[in-house]
Amino acid sequence: MKGVTILGATGTIGVNTLDVIARHPDKFSVVALTAHSQVERLATQCEKFRPRFAVMVQEDAAQQLQKRLHHSCPDVQVLSGEAGLKQVAADTATDYVMAAIVGAAGLTPTLAAARAGKRILLANKEALVMSGQLFMDEVRQHGAQLLPIDSEHNAIFQCLPADYHTKADRSGIKRFLLTGSGGPFRTLPVEQLTAVTPEQAIAHPNWNMGKKISVDSASMMNKGLEVIEACWLFDITVEQIEIVIHPQSIIHSMVEYADGSVMAQLGQPDMRTPIAYALAWPERIESGVKPLNMYDIAKLEFTRPDMSRYPCLQLAQQAAQHGGTATTILNAANEIAVEEFLNYKIGFTDIARTVEHALSQCSAIEASSLQVILDADQHARWVAREFIHAQSRRRGVN
Ligand code: NAD
Ligand code: MG
């Protein structure tokens, strides 16, 4: 029996994780569930899964949850704040930590899980993008196990030799082919991108995901973040990764070997497959995902990404090549820009402009400590906000 803590239980990944866990009550028990502020959803999850701990990041939400669970689940201990997140990630009853908080907020609790030597099921790619070197060092130093949940990285993990640790060329690997659907605007005339709405951007053709990652998928910043994530996870360089647009989202990524073999992982676009794989690894368990019917799919397509349509992808590749805090700056500016886009404050194409501005204004330095990384993150957020405010002031004047 493995004890599982879910950071970000009320999100898309959190809900899918609980769906898989519910199918295997003999294998997994829930130690802790955490959320930012969705009291009612977390309360319902607590009533069903009976965790030892429930964490609400916001103090007043924690008090509401405490009251809400008073009669139905008096044994659940309610904690709050970042301290609560870190505590449950490192608790001795926790064997596995699902890191499914969205954005930079997931970094410190996921680092706490690494320092406590847990098996980390990593969905929160922003943690690696922000602080790849530091994060990987902590994982190695404390003997933690890092299993990718992002479907592309999970696919690559499944296509690698079992003894793969580092250095792709030693395993006879030539290239990593990272697939992406191209998002909802793949065929929209480029000049119309300035006018697209948040509603259109979050309507992903194949995957059902949280708002932030859905916007990132539309801009393909998500694929850019995934390039950076892959570099850290598999100890490879940007040049070893080729991005392939694959609109059907059936092949989740591929690994090309020196002998001409290309290994691919196929499956429904349903996150329960990678979640079940990482929960049970090295075994395989039922996930609830419907089987793939090749006759229904019939056709798989592949094209190269057009960088004029997806400038965020290019910015991410450049930041990855630059290294140090460049990827921290990229991630922070993108988080601010996506938030402002979702709040109808800026247009879709302003996301790339904001990120480009932040990268040009903030100088990237060596990511030598957590403090350096957090400072770079905060500074880039400030620069991005200032840029957005200056733009809207200018528009107001005009
Ligand atoms: P979501 O928005 O649906 O859920 C986010 C979760 O994080 C919620 O439980 C929320 O309460 C919590 N949260 C939000 N802000 C927080 C904060 N400041 N502090 C603590 N908790 C906070 O997001 P999602 O789609 O489930 O994605 C979660 C992560 O997984 C993201 O990093 C995303 O990139 C990654 N991911 C998601 C998918 C997917 O299919 N949804 C696929 C691959 C990777
Ligand atoms: Mg992905």
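In this predicted model, Asp216 has its place in helix α9 (residues 211-219); helices are DSSP runs of H or I with at least four residues, strands are runs of E with at least two, and both are numbered from the N terminus. Local features need pLDDT of at least 70 and side-chain atom pairs count only at pLDDT 80 or more, while totals for chains, interfaces and linings use all residues of this predicted model. Residues are numbered from 1 along each chain as its sequence is written, chains are lettered from A and ligands numbered from 1 in the order in which they are written, and side-chain values use heavy atoms, with hydrogens and water left out.

**Two buried helix residues**

Asp216 counts as buried, a term that means under 20% relative accessible area, with exposed over 50% and partly exposed in between (1.4 Å probe, protein chains only). Thr17 is likewise buried. The table sets out both residues, with contact meaning heavy atoms within 4.5 Å and residues up to four places away in sequence left aside.

| Residue | Helix | Relative accessible area | Contacts |
|---|---|---|---|
| Thr17 | α1 (residues 12-22) | 0% | Ile6, Met98, Ile275 |
| Asp216 | α9 (residues 211-219) | 2% | Met221, Asn222, Leu225, Asn334, Val338 |

Thr17 and His71 are 54 residues apart along the chain, and their C-alpha atoms are separated by 26 Å.

**The magnesium site**

The magnesium ion (ligand 2) has as its protein donors Asp150 (OD), Glu152 (OE) and Glu226 (OE), at 2.1 to 2.2 Å. Donors are N, O and S atoms within 2.8 Å of the metal (3.2 Å for Na, K and Ca); water is not among the atoms, so sites may look incomplete. The spacing of these donor residues in sequence is D-x1-E-x73-E. Distant parts of the chain are linked here: Asp150 belongs to the loop between β7 (145-148) and α7 (151-159), whereas Glu226, 76 residues apart from it, belongs to helix α10 (residues 221-234). Asp150 and Glu226 are both buried.

**The protein as a whole**

The protein comprises 16 helices and 11 strands. Its radius of gyration, 21 Å, is close to the 21 Å that the globule rule gives for 398 residues, so the protein is as compact as a globular protein of that length; the radius is taken over C-alpha atoms, and the rule is 2.2 Å times the number of residues to the power 0.38. The C-alpha trace spans about 60 × 55 × 45 Å along its principal axes. Buried residues make up 56% of the 398. Of the contacts with a separation of 6 or more, 69% are between residues 24 or more positions apart.
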